[in-house]
Amino acid sequence: MSWIKKIGFLTAFIIPSLTILGFYSGGYWNWLTVAFVFVLIPLADHLIGEDPENLSENESLLLAEQFYYRFITYVWTFFQVAFVLWACWMVASHSLDLMEWIGFTLSCALVTGGIGITVAHELGHKKSGWERFCSKLLLMTVCYMHFYIEHNRGHHVYVATPRDPATSRKNEPFYRFWIRSVFGSYFSAWKLEKERLSRRKQGFLSLRNNMLWFTVLPLIFCALIVLAATWYLQEMAWPVVVFFFGQSILAFTLLELVNYIEHYGIVRKELAPGRYEKVNPMHSWNSNHRLSNFFLFQLQRHSDHHAYAIKRYQVLKHYDESPQLPSGYPAMILLAACPPLWFRWMNPKLKAWEEEVYNAKGSG
């Protein structure tokens, strides 16, 4: 891997840096991060183009063990906790008008959701207890800790089937998908945790129920910040409550936009009632755009991730045969937010996938 690509993953730290710069500059500068993510990155993706590089098996084995790539994710974890604490203090101690509030909250969500949940997703797939702890810590800052359970034990098992709430259906607008995925995933996590406890003959209403902790811990985290800010300012820090839950909702909405994009309309062939073909690289939308992949730790090489979930981000492969998105996630998010444009752009691509893969298998 070239040194340029090696340091490319550090570009994720540009997003919070711009958010901090925008806040202290004031006014419309609070929208600097939003403009960077949704204007500059899509333009740069178009100009820089795609990344065709795949590592050999020997290179992948060596690179997967290099501590440097894990260290970046560890640094991000504690940086994000500090960033959220800083942001909460800023809204508690500064007077912002509505335009500044919205811009700052959106910018913070791009940090905690756009990058933070991506890192949590990466770490949550690993066997190391430390990495799993970091994943949960990141998810706590966006009130989405159940993702740790449902994504690994639900989504990766049932992806591209009707049973998965995080797989978007053909002709399903994002806003309808958001309701189904957000609430469906939460209740699915409760069900999965209940099944786990039952197998271990442990009580559902016990301290061993992770979903009880995952529901309460973000509330405790927010309450502690509010209490600290209230004590220091000698007045109730209500802005912290509004900001914390506002950025959390926006952060996991970004996650759901990404889920929507990654799996739109893809269906695995049903071999028998309730039994589906094994997940392979054809069952997720893929994007190989170089710049946005740096910012997102190669999450856009999603086809390889679903086929081999334990792979580390730096060694994920691109598959030419996978269904390909026309751009990176930032541009696709804007498209998904406007359902008529999304359907007009993506349905022909989905039809081509169905004819090439699904219908061909069905006819065989």
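## A tour of the buried interior

Select Ala-160 to begin: with 2% relative accessibility, this residue counts as buried. Remember while you look that this is a predicted model. Ala-160 sits in the loop between α8 and α9 (174-199). Check its backbone torsions. Phi is positive, about 65°, although the residue is not a glycine. Most residues other than glycine have a negative phi.

**Cys-143**

Go next to the loop between α7 (129-140) and α8, where you will find Cys-143. Cys-143 also is not a glycine and has a positive phi, about 55°. Is Cys-143 buried or partly exposed? It counts as partly exposed, because its relative accessibility is 21% and the buried class ends under 20%. Keep Cys-143 displayed, since the next residue touches it.

**Ser-248**

Select Ser-248, in helix α11. Its relative accessibility is 1%, so it counts as buried. Show its contacts beyond four places in sequence: Thr-141, Val-142 and Cys-143. Now turn on side chains for Gln-247 as well. The side chains of Ser-248 and Gln-247 make a polar contact at 3.2 Å. For a distance across the fold, pick the C-alpha atoms of Ser-248 and Val-111. They are separated by 11 Å, while the two residues are 137 residues apart along the chain.

**Val-84**

Thr-141 leads on to Val-84, which touches it too. Val-84 lies in helix α5 (residues 67-93). It is buried, at 2% relative accessible area. Which residues does Val-84 touch, leaving aside those up to four places away in sequence? They are Thr-112, Thr-141, Phe-221 and Phe-244. Add Cys-108 to the view. From C-alpha to C-alpha, Val-84 and Cys-108 are 8.0 Å apart, with their positions 24 residues apart in sequence.

**The aromatic residues**

Colour Phe, Tyr and Trp. The model has 43 aromatic pairs. Zoom in on one of them, Phe-104 with Phe-243: the pair is stacked, with 5.7 Å from centre to centre and 20° between the planes. Phe-104 belongs to helix α6 and Phe-243 to helix α11, so this pair ties together parts that are 139 residues apart in sequence. Both Phe-104 and Phe-243 are buried.

Widen the selection now. Phe-104 and Phe-243 belong to one aromatic cluster, together with Phe-13, Phe-23, Tyr-24, Trp-76, Phe-79, Phe-83, Trp-86 and Trp-101.

**The largest cavity**

Switch to a cavity display. There are five cavities of 30 Å³ or more. Stay with the largest, which has a volume of about 330 Å³. Its lining is made of 26 residues. To find its centre, select Gly-113, Gly-114, Thr-118, Val-258 and Leu-296, the lining residues that lie nearest to it.

Which helix gives the most to this lining? It is α6, with seven residues. Colour the helices that each supply at least two lining residues: α3 (32-48), α6 (98-124), α8 (147-158), α11 (238-263) and α14 (329-336). Then colour the lining by residue class. You should see 17 nonpolar, eight polar and one charged residues.

**Ser-322**

Move to the loop between α13 (302-307) and α14 and select Ser-322. Is Ser-322 buried or exposed? It is buried, with a relative accessible area of 4%. Follow its side chain to the backbone oxygen of Pro-281, which it reaches at 2.7 Å. Pro-281 is among the residues that Ser-322 touches beyond four places in sequence. The others to display are Met-282, Ser-284, Asn-286 and Ser-303.

**Thr-230**

Finish at Thr-230, in helix α10 (residues 210-233). What lies 3.1 Å from a polar atom of the Thr-230 side chain? It is the backbone nitrogen of Ala-237. Ala-237 also appears in the contact list of Thr-230, along with Glu-235 and Met-236, when residues up to four places away in sequence are left out. Show these three to complete the tour.

How values were computed: Residues are numbered from 1 along each chain as its sequence is written. This is a predicted model: local features need pLDDT of at least 70, side-chain atom pairs count only at pLDDT 80 or more; totals for chains, interfaces and linings use all residues. Side-chain values use heavy atoms; hydrogens and water are left out. On a 1 Å grid over the protein atoms alone, a cavity is a set of points where a 1.4 Å probe fits but cannot get out, and a pocket is an open set with protein on both sides within 12 Å along at least five of seven lines; lining residues have an atom within 4 Å of a point. Grid points are joined across faces, edges and corners, and a volume is the space filled by probe spheres set on the points. Helices (H or I, at least four residues) and strands (E, at least two) are DSSP runs, numbered from the N terminus. Ala, Val, Leu, Ile, Met, Phe, Trp, Tyr, Cys and Pro count as nonpolar, Asp, Glu, Lys and Arg as charged, and the others, Gly among them, as polar. A polar contact is a pair of N or O atoms within 3.5 Å; within protein, one must be able to donate a hydrogen and the other to accept it, and residues adjacent in sequence count only if both atoms are side-chain atoms. Contact means heavy atoms within 4.5 Å. Buried means under 20% relative accessible area, exposed over 50%, partly exposed in between (1.4 Å probe, protein chains only). Rings of Phe, Tyr and Trp (its six-membered ring) pair if their centres lie within 6.5 Å; planes under 30 degrees apart count as stacked, over 60 as edge-to-face and the rest as tilted.
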